[in-house]
Amino acid sequence: MPTAPKQRAPIDGGRPDVRSRGQHQRRKRIVSAAAALASRGGVEAMQMRTVAERAGVALGTLYRYFPSKMELVAAVVGEEIDLLESSIERRPPHAATPARRAADVLMRATRGLMREPELADALIRSLIIAEVDAPFGDRLAGLLLRVAGGDRAPGGTGSADDPDGERFALAGSLAGVWMHELLEMLRGRRTYEQIQQRIEIAADRLLRDF
């Protein structure tokens, strides 16, 4: 009678909750280490061996979590949008119109990113050339849609029979305008005041029917 295969012992002890908590904390250390390196020297500073050393994990462990550098960059991008969403939940915008509420969110994101311009530059450039799925644009569009008064959950793209598909696309277009303007600011071609003016104009045009 065949015997059941031996189960491999979990790396963080026998209890699943201990294992998952340890894995989550290890992943968080890795992402934080990568973000810290990027904030000082851009994506080029995010060398996998250096990230592993800073996070206190073996290089092989790092590659188990993030098989490529671009997947690690995508995780750092996700961390930034998590921080923005938490900020919006704590202090939601209270402007009178959907367009101004959306503009407020984008300018708040601008202020947050510009505290670490090297990191902001690394993230925006990486989004442009990303070889992996980094759904920053879709998540930002979902957030804009929520604060503007839409009811579509973030992360979707809408469809022909979805009544909110057009709104989601418009919010995504506004997010795209913001990313372009932020990159121009990082290149020294825009001031904060110019970005704010352009974002408010774009929001008024794109979201006027919300």
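## A first stop: Arg-27

Arg-27 sits in helix H1, where helices (H or I, at least four residues) and strands (E, at least two) are DSSP runs numbered from the N terminus. This is a predicted model, so local features need pLDDT of at least 70 and side-chain atom pairs count only at pLDDT 80 or more, while totals for chains, interfaces and linings use all residues. Residues are numbered from 1 along each chain as its sequence is written, and side-chain values use heavy atoms, with hydrogens and water left out.

With a relative accessible area of 37%, Arg-27 is partly exposed; that term covers the range between buried (under 20%) and exposed (over 50%), using a 1.4 Å probe and protein chains only. Setting aside neighbours within four places in sequence, Arg-27 is in contact with Tyr-65, Phe-66 and Ala-75, contact being heavy atoms within 4.5 Å. Take Phe-66: 39 residues separate it from Arg-27 in sequence, yet their C-alpha atoms are 9.2 Å apart in space.

## The chain as a whole

What is the secondary structure of the chain made of? It comes to nine helices and zero strands, so to speak an α-α-α-α-α-α-α-α-α pattern when you read along the sequence.

The chain has 210 residues, and 41% of them count as buried. Among contacts with a separation of 6 or more, 65% come from residues 24 or more positions apart. As for the surface, the accessible part comes to about 11,900 Å², and 50% of that belongs to carbon and sulfur atoms. Such areas come from the Shrake-Rupley method with a 1.4 Å probe, and for residues only the protein chains shown count as cover.

## Helices H4 and H7

Two packed helices are described by the angle between their axes and the distance between the axes. Here, helix H4 (residues 69-90) and helix H7 (residues 136-148) have axes that come within 10 Å and cross at roughly 10 degrees. H4 and H7 are therefore roughly parallel to each other, a label for angles under 35 degrees (over 145 is roughly antiparallel, 65 to 115 roughly perpendicular, and the rest oblique). On the H4 side, the residues making the contact include Val-77, Ile-81, Leu-84 and Ile-88, and on the H7 side they include Phe-136, Leu-140, Leu-143 and Val-147. The axes are lines fitted to C-alpha atoms, for helices over the stretch in contact, with angles running from 0 to 180 degrees between N-to-C directions.

Glu-79 is also in helix H4. It is partly exposed, with a relative accessible area of 23%. Leaving out neighbours within four places in sequence, Glu-79 is in contact with Lys-28 and Val-31. Val-31 is 48 residues from Glu-79 along the chain, and their C-alpha atoms are 7.9 Å apart.

## Two buried residues

Is Thr-110, at 1% relative accessibility, buried or exposed? Thr-110 counts as buried, and its place is in helix H5 (residues 98-114). Not counting residues up to four places away in sequence, Thr-110 touches Trp-178, Leu-182, Met-185 and Tyr-192.

Back in helix H1 (residues 16-41) you'll find Ser-39. Its relative accessibility is 15%, so Ser-39 counts as buried too. Beyond neighbours within four places in sequence, Ser-39 is in contact with Glu-116, Glu-118 and Leu-119.

## A charge over a ring

The charged end of Arg-167 sits over the ring of Phe-210, 4.8 Å from the ring's centre. The rule for this is NZ of Lys or CZ of Arg within 6 Å of the ring centre and within 35 degrees of the ring normal.
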